[in-house]
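Work through the exercises below with the structure open beside you, and try each task before you read its solution.

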Amino acid sequence: MDFRGKKYERGSNWSDPEVVELLQLWADESVQMELESCLRNQHVFNRIAEVLREKGIHRTGDQCREKIKKMKLEYRRIKDNSKAPRSGRTWKFYEVMDRVLTSRPALAYSSLSGSMMAQQVLQGSMVESYHHHQFTSPALPFEHSQHPELMEIKCFSEPNMATSTRIQNVAPRPGFSALHRLRKRRKGQRVKDPLDDLLLKTLTSQRAMEERFLQMEERRFQRDLDVEERRMQLEQRRFELEREHEFRMFNVFAQMLSILKQSHSGSSSSVAMPRGLDFSQALSEITGMGGGGGGDLQEMRARPLSERRVDMHGFCSPSDFQRSPYLSARGNIASIFRGSTEEGYKAYHADKYDEDKNPNGIINFGTSENKLCFDLMSKRLTQTDMNLMEPPLLQYPDWTGHMFLREEVARFLTYYCKAPAPLKAENVIVLNGCGSLFSALATVLCDPGEAVLIATPFYGGITQSVFLYGNVKLVYAYLDSKITGTSTRPFQLTVEKLEKALQNARAEGVTVRALILLNPQNPLGDIYSLSELRDYLEFAKRHELHVIVDEIYMLSVFDDSATFHSVLGMDRLPDPQRTHVMWGITKDFAVSGIRFGTLYTENQDVANAVASLCYFHGVCGPVQHKVAQLLRDRDWINQVYLRANRARLKAAHTYVTDELKTLGVPFLNRNAGFFVWIDFRKYLKTGTFEEEMLLWKRFLDNKVLLSCGKAFECSEPGWFRIIFADKTHRLQLGMQRIRKVLEEREQEILAEEKEQPCQSEQDGKADSTDEVIFVSRHQEPTSASSSNLGDLIGLLQQQMRSSDWLQKNTAEQFAQEKPEIYDVFSKLVGKQ
């Protein structure tokens, strides 16, 4: 890149011919008068630079001014020190500088027999040209060939020039006194002036800084070019997807019209359309009707609980698994849980990515940790108010937590949950993490063999927490990506789905004691509205179920458009004695290594029962003090931490989702938590969990760890969770590795499709919807005969919701753009 002309390029070396040309212009009497008569002389040097450019010397005004300044400094240094030349050599430009600065005629140079010879310059046409043009003309009538002898001057680098002028001439000069000559000799015999070294180091460091600055500017410029190129690619991709989306909408609409035409002509149809009924009425009547979709999923749900994948959670006999002679039946079941996820974590801990020590290691996008705020938390947790050691902190506490901590937790939850009344400290219980709370609550609320209801997909660690200790089962309310019934978004939890799962469990003799709600939801990122929370709690009250609400991500909502509503902030709880709320500092304060969780319940029987188990899950005294101090510092939390944390989460989320959009990968667009729920189903060959596991291993082999949908009991193979709360350089490298895997997988699938062009599309791949960015191409109906009218109407509704095409293409706009066609259409509508 050419940075000539920029102000920061002050360290460029000048050759002797260039210096001579500069001095010829600068030494002119009119130039000197103009320089001395004005306070700001930048324009004078700019005009000198213009003349130099016409002579083939490309310098800026700043460079000319800096060169003159350095030469003045060199001249004054020599003159102040009264340095006499030695061996017949001195600074070659001293004489001309001396004549100009002492108002003597200016000089030019020529090298004759190794000595510098002064001549009168700026005569004739040169001076007239300067006075005539005053540097406003594009070029002065100077010709570079006028001074051929100047090219013979020997060049020295500027640092060496400074030191070379220190060489002294010991020969006496006429007119000098003996005492003066003696002083000159003594000066010449002194040790080298340290200022020379200092000046040399200063100039060297300045040059290095300027070169470093230039390199940084080049990198910034290249980065800007890359960002702009990526933005253009993304815009092009969005345009193409919008066009494809419109095509799909019109394609579905055409198929609907074809079916309607067949029904009017007497052919069989899935929906009987009475003659005379307009299309809008038919659409309103058929809304909500849709195809079954996902045959494998329907078959799986039709099977009894004892035959589903949940068998490993307690709905089967331990004899079905390979037993170890060294373990009990429960021990053998517990060993089952160390499956694929543990395999990934083992590989990660054995080969962790490190930018310096292990750049080819595994990047962990599978563990839900916030790695963006270590600087803030480490600084706060090491301040003096955190370091306290008193006897009560080193002794056995109340196992439910020190009272000073429970009081602070109550005040904290009252403030951030927007509770209508102050929460009570006696209702707070402190344990070492929310996993311990799940385990304790399952043990005290359920008997062995009983169950807890939960919607899938969900955080897989709950399975171990409720089952390993208490032998409590899990009953799943399956959520999927299709929008059916009363759903308005993919993977939406509704009361109907909870009712269905509960009734199926009871029909098979399974006793359900509680309902678990995750808000915000992990891994989906959903935030439940107040009306939804009220519906879930009313459902639990009707069936006398306890409700365990996990709100561990409540302060990790990073977008202003999303609002979190806590259960503790409701004006009235339908059943307060059966509602228990959990929260911890692990996620919201980016300290997953500090095991700290709190339970708030108004049921004293439940509190006493859980307190009896706190002996196994206590929190040490110094940690309790630190947490209390942290929660008490409301100003720091609001003004410093939460602002920075939310901004960093939003930036990281934006980066990852933009990369997914560039790849054309669908995902759920949510604004809470540390994760994105991604649809990789089109990269599966057969749409099975075995294929999902192969893709998961493919990512791990390419040194990036993700969490597959099976780990969250997702009912649809191909969904993955990625953690984005990480540093930028790790996100960039991890997304590059993910891109590589997906591109290779796509090439393999395309090659197989070419070999088997007649192979039919896979079942069970539902359409993405308005909450899923970029609708999958392979999920559209292929012909009108393969779908009924209800399917097509439901699909058209999803396509219409997934874009703003209707808002951009209104009837009024169409009437203005194409009035002739609109008039014909209006007449046809009037005739009907």
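The exercises that follow concern a predicted model, and each one is solved step by step.

**Exercise 1.** Determine in which order the strands β11, β13 and β14 lie in their open sheet, and which of them stand at the edges.

*Solution.* Begin with the general idea that strands of a sheet pair through backbone hydrogen bonds, either parallel or antiparallel. Here 3 strands form an open sheet in the order β11-β14-β13, and the pairing is antiparallel. Because β11 (675–679) and β13 (707–708) each have a single partner strand, they stand at the edges, and one side of each is left without a neighbour in the sheet. Next, look at one pair in detail: β11 is joined to β14 (residues 719–723) over 5 bridges in the antiparallel sense, and within this part of the sheet Phe675 stands opposite Ile723 of β14. Finally, add the helix α24 (residues 689–701), which packs on the sheet, where it touches β13 and β14, and whose direction makes about 30° with that of β14.

**Exercise 2.** Decide how the helices α15 and α23 are oriented to each other, and describe what their contact is made of.

*Solution.* The first step is the geometry: α15 (residues 403–416) and α23 (residues 634–663) pack at an angle of about 50°, and their axes are 12 Å apart. The second step is to classify this angle, which lies neither under 35 degrees nor in the range of 65 to 115, and therefore the two helices are oblique to each other. Their crossing is right-handed. The third step is to list the residues: α15 contributes Glu408, Arg411, Phe412, Tyr415 and Tyr416, while α23 contributes Arg634, Ile637, Asn638 and Leu642. Sorted by class, the contact has 5 nonpolar, 1 polar and 3 charged residues.

**Exercise 3.** Examine the backbone at Phe491 and Lys703, and find out whether each residue is buried or partly exposed.

*Solution.* Recall that most residues other than glycine have a negative phi, and most peptide bonds are trans. Phe491, in the loop between β6 (473–478) and α18 (495–507), has a positive phi near 55°. Because its relative accessible area is 1%, Phe491 is buried. Lys703, in the loop between α24 and β12 (704–705), also has a positive phi, of about 65°, but with a relative accessible area of 26% Lys703 is partly exposed.

**Exercise 4.** Locate the cis peptide bond that joins Thr456 and Pro457.

*Solution.* The omega of this bond is about 0°, and Pro457 lies in the loop between β5 (451–456) and α17 (461–467).

How values were computed: Residues are numbered from 1 along each chain as its sequence is written. This is a predicted model: local features need pLDDT of at least 70, side-chain atom pairs count only at pLDDT 80 or more; totals for chains, interfaces and linings use all residues. Side-chain values use heavy atoms; hydrogens and water are left out. Two strands pair if DSSP finds at least two bridges between them. Helices (H or I, at least four residues) and strands (E, at least two) are DSSP runs, numbered from the N terminus. Contact means heavy atoms within 4.5 Å. Axes are lines fitted to C-alpha atoms, for helices over the stretch in contact, and angles run from 0 to 180 degrees between N-to-C directions. Angles under 35 degrees count as roughly parallel, over 145 as roughly antiparallel, 65 to 115 as roughly perpendicular and the rest as oblique. A crossing is left-handed if the near helix is turned anticlockwise from the far one by less than a right angle, and right-handed if clockwise. Ala, Val, Leu, Ile, Met, Phe, Trp, Tyr, Cys and Pro count as nonpolar, Asp, Glu, Lys and Arg as charged, and the others, Gly among them, as polar. Buried means under 20% relative accessible area, exposed over 50%, partly exposed in between (1.4 Å probe, protein chains only).
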